[in-house]
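Trainee: I've got this model open and I'd like to understand the labels people put on it. Can you walk me through them?

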Amino acid sequence: MDGLSERENDREISAFKQLQAKLEGLFARIMPDPLLPRSILVVPSLTLDEDVLSRITGVPHYEERMLPLLMLLRLPRARLVYVTSEPLSEAIVDYYLHLLPGIPHRHARERLILLNAHDGSPQPLSEKILARPRLLHRIGEALGDPADAHMICFNVAPPERALAVRLGVPIYGCDPDLLHLGSKSGSRQVFREAGIDLPDGFEDLHTPAELADALTRLKRRHPHIAKAVVKLNEGFSGEGNALFHFGGAPAGEELIAWIEARLPDLAFEARNMDWATFSQKLAEMGGIVELFIEGAEKRSPSVQCRIEPNGQIDVISSHDQVLGGKSGQTYIGCTFPADAEYRLAIQGEGFKAAEVLARHGVIGRFGVDFISVRTPAGWRHHAIEINLRKGGTTHPFQMLQFLTGGTFDPESGTFSTVDGRQRSYFATDNLESERYRGLSPSDLIDIAVRHGIHFHGATQSGVAFHLIGALSEFGKLGMVCIAEDVDAAHALYRQTVEILDAECDP
């Protein structure tokens with residue numbers, strides 16, 4: 001309980017639930033009228049396993065992935081308080097504010113309060129804030145009347161709950177008591193409850209012996225399988241995944257011993273992961289084993305849903321995810337919308353999962369990921385996980401919404417601007433090259449402007465960048481390439497990469 005006594009922890013949980021009960025009334029009062037004053041606290045803390053996160057290039061700058069929320073300053077009386085571990089570059093802040101449609105830069109800047117902990121350690125941001133009473137006080141002062149305020153986080157864990165209680169503001173996100181529903185094990189349980197197809201497998205595994213037993217049972221159920229997926233419950237962007245290969249496996253009673261002996265040889269997706277670390281994480285957080293889905297033509301679509309404080313469920317987008325890494329399980333980027341052949345089908349499956357989550361009391365945005373395989377009878381979709389947090393598909397879609405003011409049509413699964421033009425995009429968090437190291441935010445913006453690839457309000461197309469702060473040190477950045485259709489969006493991405501490569505050639 002992170003240093004709290006059982007009684008203190010119970011009081012905090014009770015106080016948080018009372019705060020969350022106010023969210024429905026708050027949203028009902030202020031959301032219909034964009035002219036009403038409101039305060040929004042953004043805490044982009046990645047309160048996840050530090051060891052898993054440390055294996056992601058440029059992860060200290062992932063707090064920037066929620067900067068598209070600066071677009072909320074288009075609401076003329078909104079005040080936005082954005083807290084980070086270390087100071088944000090003013091060049092990055094200016095970049096986002098200049099993207100704001102219809103709002104003078106100065107007007108928006110006066111309503112934006114940037115605060116930071118001056119602490120670049122890997123400790124989650126929320127814990128840094130809680131350890132700094134003066135920073136907490138400054139956040140409270142910046143928010144003003146807590147009756148008109150709410151908090152938005154990357155994910156909601158006990159530190160975010162404690163922060164909400166200390167500040168007296170509710171969080172638009174999932175109660176930490178329900179986070180197990182978004183773990184790899186919990187996702188499988190939700191899919192079963194919703195009647196959604198999922199890969200055969202086993203959950204709630206914590207020891208090598210349980211892992212070996214699950215792999216043995218899976219192989220005996222499916223004698224011809226070549227490999228299985230092993231996942232940590234709280235893995236992030238595929239970094240907690242591994243593959244077990246059954247090549248050469250015996251068929252008799254000696255199978256389980258054979259598997260036990262080969263567990264240290266798991267093919268880990270994360271950089272520098274080893275069996276000692278993986279097995280320790282398995283003991284701490286648990287994990288699953290499931291069938292590796294084979295297919296000559298295979299996709300990884302995702303559906304994003306939102307459960308409002310009043311229980312209303314909305315499907316808000318679909319994507320085809322681009323996966324890479326050693327075994328094709330690491331999130332690289334995404335295309336919006338998902339393929340027309342199946343986007344409505346997966347939206348329907350996502351809605352089923354949302355209904356189950358809503359019955360359990362979940363609110364906020366979340367994603368449901370699938371592995372989809374083309375069969376002679378059509379596409380077959382296997383649900384593989386639920387992310388009860390912001391994800392790699394969240395900020396690109398928010399950027400599209402905020403830049404264009406358009407709307408998503410769940411009946412067609414497409415997005416249209418205010419004047420009726422359809423828009424698609426390709427987005428990535430993982431454009432990375434050694435040659436980009438040393439580029440400053442100002443350099444990137446200058447390159448985009450000179451080559452005419454930056455987002456244009458008049459054409460409602462172009463490139464919007466994110467993770468800009470990771471560019472100079474890590475040679476890594478993200479982008480959302482917005483165009484009239486998916487092919488044009490991919491072409492714009494390729495053009496942007498060619499321009500950056502040419503500009504960085506020695």
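Mentor: Sure. Start with lysine 231, which stands opposite isoleucine 288 in S9. Keep in mind that this is a predicted model.

Trainee: What makes strands S6 and S9 a pair?

Mentor: Two strands pair if DSSP finds at least two bridges between them. Strand S6 (residues 227–232) and strand S9 (residues 287–291) are joined by five bridges, so they pass that cut-off of at least two. They run antiparallel.

Trainee: Why are S5 and S8 said to stand at the edges?

Mentor: Look at the order in the open sheet, S5-S9-S6-S7-S8, where the pairing is antiparallel. Strand S5 (201–205) and strand S8 (267–268) each have a single partner strand, so one side of each is left without a neighbour in the sheet. Helix H9 (residues 184–194) lies across S5, S6 and S9, and runs at about 130 degrees to S5.

Trainee: On to S13. Why is strand S13 called largely enclosed?

Mentor: A residue is buried when its relative accessible area is under 20%. In S13 (residues 330–336), six of the seven residues are buried, so the strand is largely enclosed by the rest of the structure.

Trainee: Which strands pair with S13, and how do you know that they do?

Mentor: Count the bridges against the minimum of two. Strand S12 (residues 313–324) pairs with S13 over five bridges, in the antiparallel sense, and aspartate 320 stands opposite threonine 335 in S13. Strand S18 (residues 424–432) pairs with S13 over four bridges, again antiparallel; there, glycine 333 stands opposite threonine 428 in S18.

Trainee: What makes helix H8 an enclosed one?

Mentor: The under 20% cut-off applies here too. Seven of the 10 residues of H8 (residues 158–167) are buried, so the helix is largely enclosed by the rest of the structure. The buried ones are Pro159, Glu160, Arg161, Ala162, Leu163, Ala164 and Leu167. Their cover includes helix H1 (6–20), strand S1 (38–43), helix H6 (125–130), helix H7 (133–143) and strand S4 (149–153). After H8 comes glycine 168, with a positive phi near 75 degrees.

Trainee: How do you know that H4 and H15 are in contact?

Mentor: Contact means heavy atoms within 4.5 Å. The axes of helix H4 (residues 90–98) and helix H15 (residues 441–450) come within 8 Å and cross at roughly 35 degrees. Ala91, Ile92 and Tyr95 of H4 make the contact with Pro441, Ser442 and Ile445 of H15. By class, that gives five nonpolar residues, one polar and no charged.

Trainee: Last topic, the empty spaces. What makes a space in here a cavity, and how many cavities of 30 Å³ or more are there?

Mentor: A 1.4 Å probe has to fit but be unable to get out. By this rule there are two of 30 Å³ or more. The largest has a volume of about 100 Å³. It is lined by 16 residues, and the closest to its centre are Gly173, Cys174, Arg365, Leu388 and Arg389. That lining divides into 10 nonpolar, three polar and three charged.

Trainee: Which residues line the second largest cavity?

Mentor: Arg65, Met66, Leu69, Phe154, Lys390, Gly391, Thr394, His395 and Gln398. The volume of this second largest cavity is about 60 Å³, and its lining has three nonpolar, four polar and two charged residues.

How values were computed: Residues numbered from 1 in each chain as written. Predicted model: local features only at pLDDT ≥ 70, side-chain atom pairs only at ≥ 80, totals over all residues. Heavy atoms only, no water. Axes fitted to C-alpha atoms, helices over the stretch in contact; angles between N-to-C directions. Helix = DSSP H or I, 4+ residues; strand = E, 2+ residues; numbered from the N terminus. Nonpolar A, V, L, I, M, F, W, Y, C, P; charged D, E, K, R; others polar. 1 Å grid on protein atoms, 1.4 Å probe; cavity = no way out; pocket = protein on both sides within 12 Å on 5 of 7 lines; lining within 4 Å. Points joined across faces, edges and corners; volume = space filled by probe spheres on them. Buried < 20%, exposed > 50% of the residue type's maximum accessible area, 1.4 Å probe, protein only.
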